[in-house]
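Visitor: Hey, I've just opened this one up and could use a quick tour. Mind if I fire off some questions?

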Amino acid sequence: MMHGYPQGPAPSPAPLSEADRTRSNLARLADVLGVPVSVFSPGIDGQDEAILQMADLVAVFAAIENPAARRTCLAFIRAMASS
């Protein structure tokens, strides 16, 4: 046995709890969307509907398998956002 060299595989990091995983995913999604994480907090007038619409948009976009169709979708959404 040589000292200074680890024996066996490195230990796996502790698994995240469901709540930690959810917070991490929401933080990443908020970062990608360019919005604060607080956008996903229910209770602010009209925000619940916006959250559902964002979730629907993400789910539908993820279901688009054709890269050209995804680009067309993004172009349409960007055009709508700037109008």
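Visitor: How does the lining of the largest pocket divide into nonpolar, polar and charged residues?
Guide: This is a predicted model, and in it that lining has ten nonpolar residues, no polar ones and one charged.

Visitor: Okay, and which residues line the largest pocket?
Guide: Going along the chain, you have Leu-29, Val-32 and Leu-33, then Met-54, Leu-57, Val-58 and Phe-61, and finally Leu-74, Ile-77, Arg-78 and Ala-81.

Visitor: Which elements give two or more residues to that lining?
Guide: Those would be helix H1 (18-33), helix H2 (47-63) and helix H3 (67-82).

Visitor: What's the volume of the largest pocket?
Guide: About 320 Å³.

Visitor: Switching topic: how far does H1 reach?
Guide: From first C-alpha to last, the 16 residues of H1 reach 22 Å, close to the 22 Å expected at 1.5 Å a residue.

Visitor: And what happens just after H1?
Guide: Gly-34 comes there, with a positive phi of about 70 degrees.

Visitor: Now the outside. Which residues form the nonpolar patch on the surface?
Guide: Leu-57, Phe-76, Ile-77 and Met-80, and together they have about 380 Å² of accessible area. Leu-57 and Ile-77 also turn up in the pocket lining.

Visitor: Which helix gives the most to the patch?
Guide: H3 does, with three residues. Met-80 is found in that helix.

Conventions: Residues are numbered from 1 along each chain as its sequence is written. This is a predicted model: local features need pLDDT of at least 70, side-chain atom pairs count only at pLDDT 80 or more; totals for chains, interfaces and linings use all residues. Side-chain values use heavy atoms; hydrogens and water are left out. On a 1 Å grid over the protein atoms alone, a cavity is a set of points where a 1.4 Å probe fits but cannot get out, and a pocket is an open set with protein on both sides within 12 Å along at least five of seven lines; lining residues have an atom within 4 Å of a point. Grid points are joined across faces, edges and corners, and a volume is the space filled by probe spheres set on the points. Helices (H or I, at least four residues) and strands (E, at least two) are DSSP runs, numbered from the N terminus. Ala, Val, Leu, Ile, Met, Phe, Trp, Tyr, Cys and Pro count as nonpolar, Asp, Glu, Lys and Arg as charged, and the others, Gly among them, as polar. The expected span of a helix is 1.5 Å times one less than its number of residues. Patches are made of residues with over 30% relative accessible area and no salt bridge: like charges are joined within 9 Å, nonpolar side chains (Val, Leu, Ile, Met, Phe, Trp, Tyr) within 5 Å. Accessible areas come from the Shrake-Rupley method with a 1.4 Å probe; for residues, only the protein chains shown count as cover. A salt bridge is a side-chain nitrogen of Lys or Arg within 4 Å of a carboxyl oxygen of Asp or Glu.
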